[in-house]
Amino acid sequence: MDERALRHWIERVEDGSLSRRQFTRMMVGLGLTAPLAAQMLAASGVAQAQPRPTYTPTRRGGGGTLRTLWWQGPTLLNPHFAAGTKDADGSRIFYEPLAAFDPDGNLIPVLAAEIPSVQNGGVARDGRSVTWRLKPGVQWHDGKPFTADDVVFNWEYAADPATGTVTLDSYRGIERIDKLDSHTVKLSFAKPVPFWAEPFCGGRGMMIPKHLFEAYKGGKSREAPTNLKPVGTGPYKIVDFKPGDSIRAEINPNYHVANRPFFDQFELKGGGDAVSAARAVIQTGEYDWAWNLQVEDDILKRMEQGGKGRVEIAPASGIEHVQVNQSDPWTEVEGERASAKSTHPFLTDPAVRQALSLLVDRASIHEQIYGRQGQATANFLNTPSRFASRNTKWEFNLDRANQILDQAGWKRGSDGIRAKDGKRLKVLYQTSINAARQKTQAIVKAAATKAGIEVELKSVVGSVFFSTDPGNPDTYYHFFADLQMYTTSMDFPDPQSFMIQFTSWEISAKENKWQRRNKTRWRNDEYDRLWRASEAELDPVKRAANFVRMNDLLIQNVVVVPIIWRNNVSAGSLKLKGTELSGWDSDFWRLPYWYREA
Amino acid sequence: MRTYLFRRLLTVLPVLFGISLVLFTVLALAPGDPFEELATNPNVPPEVRANLRAQFGLDDPVAVRYVRWLVAMLKGNWGFSFVSRVDVDQLILQRLPTTLFVLGSAQVLALLIALPVGIYSAVRPYSFFDQLATTLAFIGFSLPTFFTGLLFILLFSIYLDWLPFIYRSDISATGLRWVWENLKQGIMPITVLGLFQGASLTRFVRSSVLEVVRLDYINTARAKGLSEKATIVKHVVRNALIPVVTLLALQVPLVFTGAVVTEQIFRVPGIGSLLIASILANDTPVIMAVTFVYACLVVIFNLIADLTYGWLDPRISYR
């Protein structure tokens with residue numbers, strides 16, 4: 001379908017002859033993801049999805065205690081310092097963003113009165129400014145009003161490198177914020193920004209109060225007492241917080257949504273392990289909700305039989321994939337292993353790479369290891385659905401792999417291992433220590449051996465593998481191996497910063513102390529060009545097409561072999577309703593709407 | 001005595017200095033990064049991490065960092081956690097009561113089991129009771145706590161549904177109910193730890209009583225017509241317990257630093273679980289503080305044990 005046809009369909013949605021849902025389904029059928037379809041409609045002037053009808057309470061509170069279990073306890077409650085999801089989740093109980101991301105990646109207003117769009121004048125046509133109107137009458141927990149000054153302050157606070165925030169990058173792209181009136185702010189960007197929802201939305205958009213943090217901007221940020229005693233706008237107010245252990249909170253009687261929240265008390269308990277957390281919710285019912293259950297699906301299924309809880313799954317963005325090294329990790333060039341100037345002795349041969357892709361048995365890996373934790377995929381970029389390519393497919397085919405290698409002249413030696421021009425097909429395949437990954441390694445190795453490729457497996461403890469230590473050769477940034485496998489994910493329903501990891505200027509090397517994100521050392525001019533073009537492309541249809549093409553380049557050239565597109569898995573009590581897990585936001589993005597059925 | 005104490009205290013200082021130096025160097029050389037979670041996130045550019053590293057002084061040479069730590073420590077400043085950005089002493093104090101309650105009770109439980117059982121076994125060696133106690137003791141200390149812990153959870157929480165297996169430090173009830181809730185959730189971790197320590201302690205008490213009970217002065221006591229009870233309690237046990245007391249003194253530091261494995265299983269928010277979480281997160285200031293406090297306690301309680309020897313046994317003198 002070309003661009004003109006697409007625009008025709010969008011017009012039909014606008015005039016009402018085609019429903020929004022039909023349109024989305026059609027686009028998904030065409031290989032575009034649902035959020036992309038949604039953004040297409042949004043950009044073309046169709047209203048955002050309406051909040052779905054749910055149970056409507058007639059009064060606030062009265063629901064007793066909500067008990068939640070995080071097997072890694074939040075260690076701090078300042079959203080701008082939240083290094084991991086656990087901290088962002090803990091902060092989300094008390095702090096709220098202007099808008100949250102629903103399961104499809106759409107924006108849902110929280111502290112904003114409405115979502116800015118081109119139609120309502122909120123988004124400038126040149127993509128260089130966005131105007132947010134704030135919800136009136138919102139109060140901080142201490143009774144002070146939430147105003148435009150707070151929004152401006154959050155930007156100043158986060159964008160100041162001396163404060164030491166982890167949200168720095170989301171906010172420093174903003175050139176200026178003008179306060180138009182007490183409840184309207186205008187964000188101006190230095191250059192056109194197609195995806196403007198990174199600051200102030202979702203996990204990185206939580207608002208902290210100016211009047212309590214003003215004195216602690218910059219170098220003194222650590223001393224703020226409110227880092228541990230949050231004062232936000234959220235549905236619950238802090239009672240007690242013990243870093244790494246527990247959070248206790250009580251209902252906010254002045255919450256800005258009528259008749260919410262439902263529960264009178266809120267508890268979060270941290271620590272332990274995922275399996276027993278699942279047990280406490282699904283089997284014994286001691287707790288109402290448990291987060292991030294990376295537990296073998298068989299175990300979860302067994303617990304669910306006759307239990308008191310259920311597993312809740314939301315497609316997320318994580319992609320477990322194998323990276324194929326383009327550089328030579330075994331010879332030093334100018335004193336550097338895996339130098340971008342070198343080429344891999346055999347992995348640069350398209351036949352070998354093609355064969356490798358055919359040797360990954362995604363169906364078995366999915367069924368035997370991941371189950372409901374994910375789905376087998378051919379794409380690196382799977383979501384939002386408008387960015388997912390339909391031009392790719394995956395296959396496990398030992399015969400074809402053998403055939404391809406035979407044709408390319410890789411002959412089996414007496415030991416069954418293929419060789420050509422004195423080079424043996426022997427690969428080192430590394431990953432982090434994790435039961436699922438070691439099982440995946442074994443499945444891949446078994447198939448590769450049958451195809452005449454010798455595979456040596458290596459597993460590195462996670463804290464080393466995922467570190468950035470320039471002196472340690474075992475990190476995934478160094479990638480001193482032929483293949484490596486891990487999961488990477490997106491923070492936002494937009495792939496711009498996610499897809500940067502294959503651009504040529506991001507190649508990880510000695511000169512940047514192995515801190516850059518392109519670990520495969522792959523370089524491709526078309527890819528670079530597409531990435532740069534998308535950065536400024538304001539037409540969502542063209543932009544999506546760019547990303548689909550980028551993904552296809554990765555797959556066709558077998559720069560990576562995607563395996564499993566992972567889901568977020570949590571567990572809730574059978575009686576707990578309204579949780580509506582979103583893969584794009586915290587587990588708590590709908591916390592004010594959670595309730596328990598009698 | 002005073003010169004002895006003075007001499008001992010003088011040697012303690014270089015020992016502590018050496019310990020801190022070794023600990024710090026090992027931690028500094030160990031691989032890992034406190035900002036690992038940021039590193040795995042492709043949406044966080046390396047500059048953000050570099051900025052944080054520079055802010056927390058992680059890019060300075062190890063020697064500079066050590067001197068900075070040492071000077072701060074001497075001034076009573078324990079530094080702050082990289083992960084929670086909270087002062088370390090605050091973190092430790094928050095967790096100390098839980099650890100003291102759980103491990104202290106476990107220690108008491110161990111004693112309550114070990115003393116009567118050990119003494120009775122020794123007084124009637126190779127009797128049926130002794131054989132039974134020995135067998136149980138062997139089973140007790142050969143089963144690791146993580147195994148008994150899981151067994152307890154399966155039995156008492158999942159099948160019988162009697163006890164909670166998640167320990168909460170923030171029980172909101174008051175009065176008697178608060179005491180009861182705390183006891184209820186403490187039963188399993190305390191029993192697991194108490195039985196494990198009690199098992200080895202029983203063997204220890206038994207052998208030390210056995211040694212004393214055969215001595216001549218015990219026979220003399222019996223010969224002069226003292227009742228069996230008085231002989232055992234006043235003459236045997238008092239002397240036999242000298243080595244047991246030292247052993248206990250050396251275990252006190254453990255009570256302060258927690259049980260890493262058991263705390264993890266039952267989610268007891270004690271110092272042990274703080275230590276393991278900090279190690280996993282490469283949170284050097286916290287690891288440093290907990291291990292260093294442990295080292296100090298070991299050194300101090302060694303000294304105390306040496307001094308109590310003299311008090312319990314007047315034949316020992318200090319020069």
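## Worked exercises on a two-chain model

H1(B) and H13(B) are roughly antiparallel to each other. That is a handy place to begin, and please keep in mind that the model is predicted.

**Exercise 1. Work out why H1(B) and H13(B) count as roughly antiparallel, and find which residues meet.**

Step 1: Take the two helices, H1 (residues 2-29) and H13 (residues 284-312) of chain B; they pack at an angle of about 155 degrees, with axes 10 Å apart.

Step 2: Angles over 145 degrees count as roughly antiparallel, and therefore the pair H1(B) and H13(B) gets that description.

Step 3: Add the handedness: the crossing of H1(B) and H13(B) is right-handed.

Step 4: List the contacts. On the H1(B) side they include Val12(B), Leu16(B), Ile19(B) and Leu23(B), and on the H13(B) side they include Ile287(B), Phe292(B), Ala295(B) and Val299(B).

Step 5: Sort by class. The contact of H1(B) with H13(B) has 14 nonpolar, 3 polar and 1 charged residues.

**Exercise 2. Describe the side of chain A that touches chain B.**

Step 1: Count both sides: 44 residues of chain A are in contact with 43 residues of chain B.

Step 2: Find the elements of chain A that give two or more residues: helix H6 (168-171), strands E7 (236-242) and E8 (246-251), and helices H8 (274-283) and H14 (462-465).

Step 3: Pick out the largest share, which is 3 residues from H8(A).

Step 4: Split this side of chain A by class, and you get 13 nonpolar, 18 polar and 13 charged residues.

**Exercise 3. Trace the pairing around E6(A).**

Step 1: Start with strand E4 (residues 129-133) of chain A, which runs antiparallel to strand E6 (residues 184-189) of chain A, with 5 bridges joining them. Val130(A) is opposite Leu187(A) here.

Step 2: Move on to strand E5 (residues 174-181) of chain A, joined to E6(A) by 6 bridges, again in the antiparallel sense. Asp181(A) faces Thr184(A) across this pair.

Step 3: Look at the connection: E5(A) and E6(A) make a hairpin with 2 residues between them.

**Exercise 4. Identify the edge strands of the open sheet E15-E16-E17 in chain A, then examine Asp421(A).**

Step 1: Read the order E15-E16-E17; the sheet has 3 strands with antiparallel pairing.

Step 2: E15 (411-412) and E17 (423-424) of chain A each have a single partner strand, so both stand at the edges with one side lacking a neighbour in the sheet.

Step 3: Check one pair. Strand E16 (residues 418-420) of chain A pairs with E17(A) over 2 bridges, and Ala419(A) stands opposite Arg424(A).

Step 4: Go to the loop between E16 and E17 of chain A, where Asp421(A) is found. Its phi is positive, about 50 degrees, although Asp421(A) is not a glycine. With 8 other C-beta atoms within 10 Å, Asp421(A) is exposed.

**Exercise 5. Find the backbone exceptions in the loop between E8 and E9 of chain A, and a further cis bond elsewhere.**

Step 1: Recall the background: most residues other than glycine have a negative phi, and most peptide bonds are trans.

Step 2: In this loop sits Asn259(A), whose phi is near 60 degrees. Asn259(A) has 13 C-beta neighbours inside 10 Å, so it counts as partly exposed.

Step 3: Pro261(A) lies in the loop between E8 and E9 too, and the peptide bond from Arg260(A) to Pro261(A) is cis, with omega near -10 degrees.

Step 4: The further cis bond joins Thr383(A) and Pro384(A), with omega about -10 degrees. Pro384(A) lies in the loop between strand E14 (374-376) and helix H12 (398-407) of chain A.

Key
Residues numbered from 1 in each chain as written. Chains lettered and ligands numbered in written order. Predicted model: local features only at pLDDT ≥ 70, side-chain atom pairs only at ≥ 80, totals over all residues. Contact = placed C-beta atoms within 7 Å. Helix = DSSP H or I, 4+ residues; strand = E, 2+ residues; numbered from the N terminus. Nonpolar A, V, L, I, M, F, W, Y, C, P; charged D, E, K, R; others polar. Pairing = 2+ DSSP bridges. Buried ≥ 20, exposed ≤ 12 C-beta atoms within 10 Å, placed from the backbone. Axes fitted to C-alpha atoms, helices over the stretch in contact; angles between N-to-C directions. Parallel < 35°, antiparallel > 145°, perpendicular 65-115°, else oblique. Left-handed = near helix turned anticlockwise from the far one by under 90°.
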